[in-house]
Each structure stands twice: as structure tokens, then as C-alpha cells.
Amino acid sequence: MRGGWRAPAFGPRSCAGSRIFWLALALPLVLGGPAAAQSDPDRLRAAKELVFDKKHAEAREAWEQILASSSGAQAETAAYWVARCSESLGESERALREYAQFLDRRPTDRALAEEARTSRVGLAAKLVKAGQRQHLAVLTGALTDPGKTVRYYAALQLSGLGKEV
């Protein structure tokens with residue numbers, strides 16, 4: 001069609017297309033760094049792989065990034081895994097605090113919540129054995145936990161403390 005209507009040029013070589021192309025390419029990097037350029041499922045998969053590869057420091061960082069940019073169930077899961085990574089790194093006090101932060105979110109996943117409460121009991125017992133008696137309240141409080149597993153584990157851990165308690 002000579003002299004007829006033509007669609008405006010659009011693509012990386014046109015002026016308007018060039019701006020849109022570069023904006024679409026750069027926006028995820030500007031807003032959240034390289035991690036934001038990944039889709040949520042990719043970020044979750046990568047964080048899980050780091051945990052299973054026992055790269056706990058890197059995994060904790062990945063889960064912290066997911067936690068910072070998520071909400072709802074995804075944020076709950078990320079908060080749990082942040083604490084779990086800290087526990088795996090041997091950072092007991094930090095993990096104890098992070099599990100409490102996870103539980104403060106009132107997680108909907110009952111299994112993760114019970115696992116977090118159980119982990120807190122184990123961490124508190126370890127810290128009390130190391131002389132940090134201020135964590136004894138976590139153990140005694142767990143004796144009234146709604147979960148039978150948590151209650152039994154707390155009783156077992158307390159009995160292992162002997163006359164110290």
C-alpha cells in the first residue's frame with residue numbers, strides 16, 4: 001500500500017519503542033536488584049535449593065529477600081526458613097528470636113507452626129544448658145502448648161536439665 005496508513009515503528013530501534021524496551025528491561029533491576037528480576041516461583045525454588053545444598057548463609061539471605069518482598073503465606077514460609085537457616089548455622093539465640101517472630105505472624109500452616117514451637121524448645125534447652133537460664137520460660141511455657149508433640153518434647157528436655165531447674 002503506497003501512501004496508505006502504516007503502523008508506527010515499535011521496537012528497540014524506534015524512539016518510543018526504545019524507551020519502553022529499556023524501561024521494561026531495567027525496571028526489575030532498579031526496583032529490587034537481581035532477585036526481583038526472578039519470578040516468585042524461581043526465587044522460592046532457588047532458596048529451597050540453597051537449603052537442601054546446606055548453603056545456609058546464602059539460603060537465609062535468599063529467604064530474607066523473599067520475606068521483605070512478600071506477604072501472606074509466602075512471607076510466613078520465608079520467615080520460618082529464615083529461622084531454620086539460623087538454627088542450621090548454629091546461631092541459637094538468633095534462631096530462637098526468629099522462630100518467635102514467625103509465630104507472632106500467626107501462621108496458617110499448622111505443621112510449620114508446630115515445628116517452629118518444637119525447635120524453640122530444643123534451642124531453649126540448649127541455651128539453658130549453656131548457662132542462659134533466661135530461656136527457661138520457653139521450656140516451661142511449652143508444657144501447656146496445644147500440640148502434644150511440643151508438650152512431650154518440652155517435658156523431656158526439662159527432665160534432661162536435672163537439678164539445674
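Just after α5, R106 takes a positive phi of about 55°. The model is a predicted one.

**Helix α5**

The helix before R106 has 13 residues. Its first and last C-alpha atoms lie 18 Å apart, close to the 18 Å expected at 1.5 Å a residue. Which residues of α5 are buried? They are S92, A95, L96, E98, Y99, F102 and L103. The cover over these buried residues includes α4 (72-88) and α6 (110-129).

R94 of α5 is not among the buried residues. R94 is partly exposed, because its relative accessible area is 26% and buried means under 20%.

**Salt bridges**

The whole structure holds 8 salt bridges. Three of them are tabulated here, each with the distance between the closest N and O atoms.

| Acid | Base | Closest N and O atoms |
|---|---|---|
| D40 | R43 | 3.5 Å |
| E49 | R45 | 4.0 Å |
| E64 | R94 | 3.0 Å |

Take the pair E64 and R94, with closest N and O atoms 3.0 Å apart. E64 lies in helix α3 (residues 56-68) and R94 in helix α5 (residues 92-104), so this bridge ties together parts that are 30 residues apart in sequence. E64 is partly exposed, at 31% relative accessibility. The pair also belongs to a network: R60, E64, E91, R94 and E98 are linked by salt bridges. One of these, E98, is a buried residue of α5.

The other two tabulated bridges sit within a helix. D40 and R43 are both in helix α2 (residues 40-52). They are 3 residues apart, about one turn of the helix. E49 and R45 are also in α2, 4 residues apart, again about one helical turn. Why does such spacing suit a pair? An α-helix has 3.6 residues a turn, so residues three or four places apart point the same way.

Are the partners buried or exposed? D40 is partly exposed, with a relative accessible area of 37%, whereas R43 counts as buried at 10%. In the other α2 pair, E49 is partly exposed at 43%, and R45 is partly exposed at 47%.

**Nonpolar cores**

The largest nonpolar core has 24 residues. Which members touch the most others? They are V51, A59, W63, Y80, Y99, F102 and A116. The helices α2, α3, α4, α5 and α6 each supply at least two residues of this core. Its largest share, 7 residues, comes from α4.

A59 shows some of the local detail. Setting aside neighbours within four places in sequence, A59 is in contact with A47, L50, V51 and C85. Of these, V51 is also listed with A59 among the core residues that touch the most other members.

Another core lies apart from the largest one. This second core has 12 residues, among them V121, L136, V150 and L161.

**α6 against α8**

How do α6 and helix α8 (residues 148-159) pack? Their axes are 9 Å apart, at an angle of about 10°. The two helices are therefore roughly parallel to each other, since angles under 35 degrees count as such. On the α6 side, the contact is made by E114, R117, T118, V121, G122, A125 and K129. On the α8 side, T149, V150, Y153, A154 and Q157 take part. V121 and V150 in this contact are also members of the 12-residue core.

How values were computed: Residues are numbered from 1 along each chain as its sequence is written. This is a predicted model: local features need pLDDT of at least 70, side-chain atom pairs count only at pLDDT 80 or more; totals for chains, interfaces and linings use all residues. Side-chain values use heavy atoms; hydrogens and water are left out. A salt bridge is a side-chain nitrogen of Lys or Arg within 4 Å of a carboxyl oxygen of Asp or Glu. Buried means under 20% relative accessible area, exposed over 50%, partly exposed in between (1.4 Å probe, protein chains only). The expected span of a helix is 1.5 Å times one less than its number of residues. Contact means heavy atoms within 4.5 Å. A nonpolar core is a set of buried Ala, Val, Leu, Ile, Met, Phe, Trp, Tyr and Cys residues joined through side-chain atoms within 4.5 Å. Axes are lines fitted to C-alpha atoms, for helices over the stretch in contact, and angles run from 0 to 180 degrees between N-to-C directions. Angles under 35 degrees count as roughly parallel, over 145 as roughly antiparallel, 65 to 115 as roughly perpendicular and the rest as oblique.
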